[in-house]
Amino acid sequence: MTTLLQVENLTKHYPVKKGLVLAKQVGTVRAVDGVSFQIERGETLAIVGESGCGKSTTARLVLRLIEPTSGTVRFDGQEVSGAALRTLRRRVQVVFQDPYASLNPRLRVADTIAEPMEVHGIGTPESRAARVRELLGLVGLAPFHAQRYPHEFSGGQRQRIGIARALAVQPELIICDEPVSALDVSIQAQVVNLLKDLQRRFGLSYLFIAHDLAVVHHMADRVAVMYLGQIVETAPKRAIFDRPAHPYTRALLSAIPHPDPRRRGLVKPIGGDVPSPMNPPPGCRFHTRCPFAQDRCKAEMPVLRDIGPGQQVACHFAEVLPPFDAASHEGIAPVAAKRLALYAAAKARLAAALPGRAP
Amino acid sequence: MTPLLEIQGLRTVFRSANGDIPAVDGVDLAVPRGKTLGIVGESGCGKSMLSLSVMRLVPRPGRVAAGRVLLEGQNLLDLSEAGMRAVRGGQVAMIFQEPMTSLNPVHPIGLQIMEAMRAHDTKASNRELRDRAIAALDRVRIPAAARRFDEFPHQLSGGMRQRVMIAMALACRPKLLIADEPTTALDVTVQAQILDLLKDLQAETGMSIVLITHELGVIAEMADEVAVMYAGRIAERSTAAELFASPQHPYTLGLLGSVPRLDETREELLAIEGAVPPPFALPKGCRFEPRCPFALAACRSAPPPLEEVAPGHFAACIRAPVENSLDIAA
């Protein structure tokens, strides 16, 4: 595998000013504070964290929708700047969270999907129209949808349009900024399946921003956990879910309610809110909420260090934490599992018999 | 023991040029005392309209066309507007999904809680109400409640705002709390805190909770009884333990299959194809039939009745349980 995207020491600081005429800088919001990661070709890297942790800012920095304060972004070995930016804008596309805000309400779907091709001067009007039809089919919509306006679609269908638009210029990397968190569960599952299917077909790489570790469990190959502008743990998916090393990763995992009443009462909330990124706590930024915090955590900031194959963690005490009670592998109840299997089989039979039935 | 709230044959419709459009269509439910009833379904299933009907807050041109809503035996639909106003916030309180839009941005949170208390208590002095409002903030575990009293909604985090909403809802010690997607807009860590708080408060006060959500994880964590709603009707109803152990309705199966789980490694999620039909274009027969992989011709002819498939377990599907049909099991 080759590295497609390499991000090093990416930083975004916003000045906080006070005063009307002679605005004085009174502080700095460290939205993203020294973030490094890489994405291989065909890989999905998920960045997870609570709101305000800087994950969406990171996505926008990679896209250069905002200028970083410092740090470099290398795409396919080339540093992104000047002329390289235009190429980047074709080879990297984005799918946004809110399918209601990310489509122009005055443009027909065909024009929305064709716009990126027009911008990059790809094809003729006829070839673009043909491509729009092809893309609509790829994301499970019908050709006649091309002439409609966004308000005529449901949230899930709009997100499919957003995905078709992202695919239009044959990108290599798609940045998905919480693409399913505004959708209903059943629709979430449709969109997650679609994204995975497209990845298999076109060898796409994804940078998948999410706050929901359960969705990440289905999408990602590797996971980076962010807290207050920094990555606190990064590891292959299995390791994150089986052997989470950072107390914050553990807190995120144990906050997920399981769809299983037999496991009721195992959700253990951590106290407190995310501190303000304007005054991050000294030392380890998580120490104010960490159940394992020691004096050293208040004074000394831990750095990301290797603790296992592909697993890095920023915690002084990662090795000596008590073992994590990972999600039990009880799985779904047997009767429910049997019926779900029948449901899947019936669905597959139906799809084979009626390929025209719209997904 | 009689249930605290009984909903019988509730039908809520919206008037249109083409006749009445049903949003809630013949729903029977009971909320046991001191317990939590979870209502689950996708957006557009009528779960919010159901709760607004109970509160008699259905927006125009909607109205409750039929049915009874019995709170301790009294039909809320028969009450005068003034009588209903005393019930709202008094015996029955409600919290909503988006705590920012439910709070008034230009008033301190403490005053807003006092306002809710004043509506039900005209005698107490302002000082007394202020103390009670601070106690209410304290009860929902807001740190430094006396200092927070004078803060504005924008100064609080999403989780804190939802706590303020809960404090306001519980200000008059309601017997029933209707929580409409109370954690959907929150981070999973904050969601865990809020659910924990609701459980603690229920244990303290013995109130009943109607929890509306589209997340089966939240249902599994919180609910004693569950009703699965689809297109304005109850598709399935049972205890939470029974529903997850032996789901009967294909819609429930589809919802369960859609949830990404940490304790298994399926490659593909079992999504439900298609979307909820809009209330003005409902299928004549079973409303889930167009999306159901088990559908037969008979499913199209008449809506299936909600039948008891096991003690206390009801499902509206002629194919339930699915493994008993030969063509499916084959």
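These questions and answers walk through a predicted model with chains A and B.

Reader: How many helices and strands does chain B have, and what is its radius of gyration?
Author: Chain B has 13 helices and 12 strands. Its C-alpha trace spans about 70 × 50 × 40 Å along the principal axes. A compact globule of 330 residues would have a radius of gyration near 20 Å. Chain B agrees with that, at 21 Å.

Reader: What share of the contacts in chain B between residues at least 6 apart in sequence joins residues at least 24 apart?
Author: Buried residues make up 51% of the 330 residues in chain B. Of the contacts between residues at least 6 apart in sequence, the share that joins residues at least 24 apart is 63%.

Reader: Which strands are the edges of the open sheet β2-β1-β4-β5 in chain B?
Author: This sheet has 4 strands, and the pairing is antiparallel. An edge strand pairs on one side only. In chain B that applies to β2 (21-31) and β5 (74-75).

Reader: Which residue is the bridge partner of Gln8(B) in β4(B)?
Author: Strand β1 of chain B covers residues 5-14, and β4 of chain B covers residues 62-71. The two pair in the antiparallel sense over 8 bridges. Opposite Gln8(B), the bridge partner is Arg68(B).

Reader: At what angle does helix α1 of chain B run to β2(B)?
Author: Helix α1 takes in residues 47-54 of chain B. It lies across β1, β2 and β4 of chain B. Relative to β2(B), the helix runs at about 70°.

Reader: What is omega for the cis peptide bond between Ala320(B) and Pro321(B)?
Author: One cis peptide bond joins Arg60(B) and Pro61(B), with omega about 0°. Pro61(B) sits in the loop between α1 and β4 of chain B. Pro321(B) is in the loop between β12 (313-315) and α13 (326-329) of chain B. For the cis bond from Ala320(B) to Pro321(B), omega is about -10°.

Reader: Which element gives the most residues to the side of chain B that touches chain A?
Author: The contact takes 49 residues from chain B and 52 residues from chain A. On the chain B side, α8 (188-205), α9 (216-222), α10 (240-245) and α11 (250-258) each give two or more residues. The residues of that side divide into 26 nonpolar, 12 polar and 11 charged. With 7 residues, the element that gives the most is α11(B).

Reader: Is Glu178(A) buried or exposed?
Author: Glu178(A) lies in the loop between β7 and α6 (185-202) of chain A. Its phi is near 50°, a positive value in a residue other than glycine. The cut-off for burial is 20 or more other C-beta atoms within 10 Å. Glu178(A) has 20 such neighbours, so it counts as buried.

Reader: How does Glu181(B) count, with 19 C-beta neighbours inside 10 Å?
Author: Glu181(B) is in the loop between β7 (176-180) and α8 of chain B. This residue has a positive phi of about 50° although it is not a glycine. Burial needs 20 or more neighbours. Glu181(B) has 19, so it counts as partly exposed.

Reader: Which residue in the turn between β11(A) and β12(A) has a positive phi?
Author: Strands β11 (residues 305-308) and β12 (residues 311-313) of chain A pair in the antiparallel sense over 3 bridges. Gly308(A) stands opposite Gln311(A). The strands form a hairpin with 2 residues between them. The turn residue with a positive phi, about 70°, is Gly310(A).

Technical notes:
Residues are numbered from 1 along each chain as its sequence is written. Chains are lettered from A and ligands numbered from 1 in the order in which they are written. This is a predicted model: local features need pLDDT of at least 70, side-chain atom pairs count only at pLDDT 80 or more; totals for chains, interfaces and linings use all residues. The radius of gyration is taken over C-alpha atoms; the globule rule is 2.2 Å times the number of residues to the power 0.38. A residue is buried if 20 or more other C-beta atoms lie within 10 Å of its own, exposed if 12 or fewer, and partly exposed in between; C-beta atoms are placed from the backbone. Two residues are in contact if their C-beta atoms, placed from the backbone, lie within 7 Å. Two strands pair if DSSP finds at least two bridges between them. Axes are lines fitted to C-alpha atoms, for helices over the stretch in contact, and angles run from 0 to 180 degrees between N-to-C directions. Ala, Val, Leu, Ile, Met, Phe, Trp, Tyr, Cys and Pro count as nonpolar, Asp, Glu, Lys and Arg as charged, and the others, Gly among them, as polar.
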